[in-house]
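This report describes the overall form of one protein chain and the way its parts are joined. The structure is shown first, and the description follows.

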Amino acid sequence: MEKIVINGGRPLHGSIEVSGSKNAAIPIILATLMVDDICVIENVPAISDITLSLEILAAMGCHIRMLSRNTVEIDSRGAMGGVSPYELVRKMRGSYYLVGAELARWGKAYVGLPGGCDFGVRPIDQHIKGFKALGAKVSVEGRYIDAKADELKGSSIYFDMETVGGTINVMIAASLAKGTTIIENAAREPHIVDLANFLNTCGAKISGAGTDTIKIKGVERLYGSTYAVIPDMIEAGTYMCAAAATGGHLKVTNVIPKHMEAVSAKLEEMGVGIVENDDSIEVVSTGELHRVNVKTLPYPGFPTDMNPQFGALLCLADGVSCLTEGIFNNRFKYVEELKRMGASIKVDGSTAIIEGGVPLSGAPVKAVDLRAGVAMIIAGLSIKGKTEIEDIHYIERGYDDVVGKLRAVGADIKKVIVPDQVQLEKAN
Ligand code: EPU
């Protein structure tokens, strides 16, 4: 087992580069399955969810070559569709995009139900509603989604809520359907636009991505292309919070400042200096942070994937803040871990009431999910003393070399191997 050990209390200084977006790279990589050609994807983050996605494609017969650390070539000409490797699929949320891709290319998909972070109930009824609207027969049998269609036909779909996964999955399937599909009440996240741009470079005809109405004119087939994934807005926001929490001065590079507006605005409201450049943001903090209220919402609102990082940051503010979760019904599991560090937080339904200024102290804590894990890092970096974080495999699902990047800007942070308890006992 590995854990992260932090000796905090040092302001972060220097320049930190953001990797490619996890939530754009996963659907782009899985969508190459239906391209039936060779694609080269650049700016791919080196994270375990991507390794898993590539392993799934390889198990389905794609030929994968890493051209560099962050560039992958995927040849899906020899892929065999219809059934996906359950043991790999169940480990990640984004694997549900295989349903859209396999339905589009082979007219059938048999995919294990997705895993991923546990924020309470995470239904996929809207994905299923979309596939059915395109003419597929879909059933959930035990741990599998079984979808079949003689032919996918363009249709109109109105989503009951803004769903990132649902919008992406239907967009993938509809790209090769016969006729035109209109998705209304579509999610507008930058990764949706990125996937549409990728598919369009392969010959798809998608317009309106980034608005609440997306139009997809189905095409006969897609062709290989070379495409670079957008920067990860949540990784960028995480490092911005780390700079704010430590009273540091960080230049966060390889970002699209427009994607960061909700996060930048909240940090400014807290008294943090933000300077936007073309593709970087400078964050200047004195360490004095004002209390604010935050509510997570679909893009362009404040992202739910920044909830835990702000949860940690607001513990350092000068008063009581309310942090309200507007997307998932159980995103506050990390609160118990912050409490181990001395935080004073009360969760009332979907709102965490956070009393800032209560001194935190280093403690052994767990990464209970991906973003919760980096919230522990942010808290740990701000505290004079030692913080140990277990279950860091969650963090590695979505952060490319977080330890190396933070060390390079002055953090005292390292990854250590802890001998497995069972093995130790056996050895004794
Ligand atoms: N929902 C339904 N039915 C559906 C789909 C969604 O009720 O069929 C509900 C969800 O339960 C939730 C809301 O709609 O309450 C929004 O869910 P959405 O579908 O947008 O989320 P997702 O596709 O499951 C993706 C990201 C998450 C991110 C959310 C919201 C991936 C692989 N996952 O999840 O990313 O939190 O969108 O932006 O892209 C992360 O990166 O840490 C992460 C969890």
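A salt bridge is counted here when a side-chain nitrogen of Lys or Arg lies within 4 Å of a carboxyl oxygen of Asp or Glu. The model to which this rule is applied is a predicted one. By this rule the count comes to 21 salt bridges. One of them pairs lysine 415 with glutamate 2, whose closest N and O atoms are 3.9 Å apart. Because lysine 415 belongs to strand β23 (residues 413–417) and glutamate 2 to strand β1 (residues 2–8), this pair ties together parts that are 413 residues apart in sequence.

**Overall form**

The chain contains 15 helices and 23 strands. Its radius of gyration is 22 Å, close to the 22 Å that the globule rule gives for 428 residues, so the chain is as compact as a globular protein of that length. Along the principal axes, the C-alpha atoms fill a box of roughly 60 × 55 × 40 Å.

**Two domains and their interface**

The domain assignment divides the chain into domain 1 (2–19 + 231–424) and domain 2 (22–228). Domain 1 is thus given as two segments, whereas domain 2 is given as one. The C-alpha centres of domain 1 and domain 2 are 30 Å apart.

The size of an interface is often expressed as the accessible area lost when the parts come together. Between domain 1 and domain 2 the buried area is about 1,900 Å², and carbon and sulfur atoms give 50% of it. Tyr299, Arg397 and Asp400 supply 34% of the area that domain 1 buries against domain 2, more than any other three residues.

The table collects the counts for this interface.

| Item between domain 1 and domain 2 | Count |
|---|---|
| Domain 1 residues in contact with domain 2 | 25 residues |
| Domain 2 residues in contact with domain 1 | 21 residues |
| Polar contacts (both residues at pLDDT 80 or more) | seven residue pairs |
| Salt bridges | two salt bridges |

Which side chains meet in a salt bridge at 2.7 Å, N to O? They are those of arginine 69 and aspartate 400. Arginine 69 falls within the range 22–228 of domain 2, and aspartate 400 within the 231–424 segment of domain 1. Aspartate 400 is also one of the three residues named above for their share of the area buried by domain 1.

On the side of domain 1 that touches domain 2, helices α12 (370–382) and α13 (393–396) each supply at least two residues. By class, this side has eight nonpolar, seven polar and ten charged residues.

Technical notes
Residues numbered from 1 in each chain as written. Predicted model: local features only at pLDDT ≥ 70, side-chain atom pairs only at ≥ 80, totals over all residues. Heavy atoms only, no water. Domains from an automatic or database assignment. Contact = heavy atoms within 4.5 Å. Buried area = accessible area lost by both parts, 1.4 Å probe. Polar contact = N/O pair within 3.5 Å; in protein donor to acceptor, adjacent residues only side chain to side chain. Helix = DSSP H or I, 4+ residues; strand = E, 2+ residues; numbered from the N terminus. Nonpolar A, V, L, I, M, F, W, Y, C, P; charged D, E, K, R; others polar. Rg over C-alpha atoms; globule rule 2.2 N^0.38 Å.
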